[in-house]
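Hi there,

Here is the structure I promised to pass along. Have a look at it first, and then read on for my notes on what turned up.

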Amino acid sequence: MPPPPVSPLVKMSDEEVKGSADQDREEINVSVENRKKKRKLKLREEAKKAGKRGVCYISRVPPHMDPVKLRQILSQFGEIQRIYLVPENPAAQMNSKRADAYRGQGFSEGWVEFTKKSIAKRVAKMLNGQQIGGRKRSAFYYDLWNIKYLSKFKWDDLTEETAHNNAVREQKLTLELSAAKKERDFFLTQVDKARALSAIEERLKKKQKVVEKSVESSGIPEKADGPRKFIRHFHQKAAVAAGGAGERQTRLSKDTLAAVFGGPS
């Protein structure tokens, strides 16, 4: 069979190439603008929905209750959007562990966001002060609800508050770490000083031992009041008698003095 015919290459002019490139750029710009518009519309819709939502505050979370169980219980009364529970203080967990009463991860307080304000208000009025109930075998069957509706409160306020608390906590941690570093540096400097002083004392003791040995070898008796003192002996020359042959006296004649000071000869 004969080979298929090869299609001839289509040559494009520079103007056609530029035109196609400009067209591609325009299409890309249009797609980017459409994406931005869609994002803005989504944000507006979410803002409208957020304005209709209501938040309830739970001042006490019973033991063994987690976000999953809380959602299962409260979802019976209305649609829930978000739940946030504050973990228990680590110090309280350590105390419970020491007392052999640790029951796993606990939560101190929490917030529940409902899709509608009316549902949040109704749930808070209906459940506040009432028994949680459920199965009798559950750990929080006899616990009471401590729930309150927060008017004019949005979920963004909660996120801002948590971010502020985290920033304050980090700042406190940095201050504590800096104080601990200062204490450590001060302690290390004091340790170095103590080592230097102990080394000096050891040197002085060694020198004192050497002096005592030299005194013992010289035979000088030690005083009863205190330790022996080392006395050094220097070799001295014998004194020359006055007027002896070895004495040199330099005398100047009267004529020499008169010539120097200009006196009478």
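**Salt bridges first**

R53, R82 and E113 are tied into one network of salt bridges. Keep in mind as you read that this is a predicted model. Within that network, E113 and R82 meet through their side chains, with 2.7 Å from N to O. The two residues come from distant parts of the chain: E113 belongs to strand 3 and R82 to strand 2 (residues 80-87), 31 residues apart. If you want to find E113 on screen, strand 3 covers residues 107-114. The side chains of E113 and R82 are also joined by a polar contact of 2.7 Å.

Is E113 buried or exposed? E113 has a relative accessible area of 2%, and buried means under 20%, so E113 counts as buried. Its partner R82 has a relative accessible area of 33%, so R82 is partly exposed.

How many salt bridges does a search of the whole structure find? The search turns up four. Another of them pairs R60 with D143, where the closest N and O atoms are 3.9 Å apart. R60 sits in the loop between strand 1 (54-58) and helix 2 (67-74), while D143 sits in the loop between helix 4 (117-127) and strand 4 (147-150), so this pair ties together parts that are 83 residues apart in sequence. R60 is partly exposed, because its relative accessibility is 36%. D143 comes out at 17% relative accessibility, so D143 counts as buried.

There is also a salt bridge between the side chains of R184 and D185, at 3.5 Å from N to O. Here R184 is partly exposed at 48% relative accessibility, and D185 is partly exposed too, with a relative accessible area of 39%.

**Patches on the surface**

Two surface patches are worth a look while you have the model open. Which residues gather in the patch of positive charge? They are R35, K36, K37, K38, R39, K40, K42 and R44. To get your bearings, take R39, which is found in helix 1 (residues 14-52). R39 has a relative accessible area of 60%, and exposed means over 50%, so R39 counts as exposed.

The other patch is nonpolar: L197, I200 and L204 make up about 290 Å² of surface. L197 is part of helix 5, which runs over residues 155-218. With a relative accessible area of 53%, L197 is exposed.

**The chain as a whole**

Now for the overall layout. The protein chain has six helices and four strands. Going along the sequence, the pattern reads α-β-α-β-α-β-α-β-α-α. Of the 265 residues in the protein chain, buried residues make up 17%. E113 is one of the buried residues, with a relative accessible area of 2%.

If you'd like a quick route through the model, begin at the network of R53, R82 and E113. From there, go to the R60 and D143 salt bridge, and then to the R184 and D185 one. After that, turn to the positive patch, which includes R35 and R44, and finish at the nonpolar patch made by L197, I200 and L204.

Happy browsing!

Key: Residues numbered from 1 in each chain as written. Predicted model: local features only at pLDDT ≥ 70, side-chain atom pairs only at ≥ 80, totals over all residues. Heavy atoms only, no water. Patch = residues over 30% accessible without salt bridge, like charges linked within 9 Å, V, L, I, M, F, W, Y side chains within 5 Å. Areas by Shrake-Rupley, 256 points an atom, 1.4 Å probe, with all protein chains shown as cover. Lys, Arg positive; Asp, Glu negative; His and termini not counted. Charge placed at Lys NZ, Arg CZ, Asp CG, Glu CD. Buried < 20%, exposed > 50% of the residue type's maximum accessible area, 1.4 Å probe, protein only. Polar contact = N/O pair within 3.5 Å; in protein donor to acceptor, adjacent residues only side chain to side chain.
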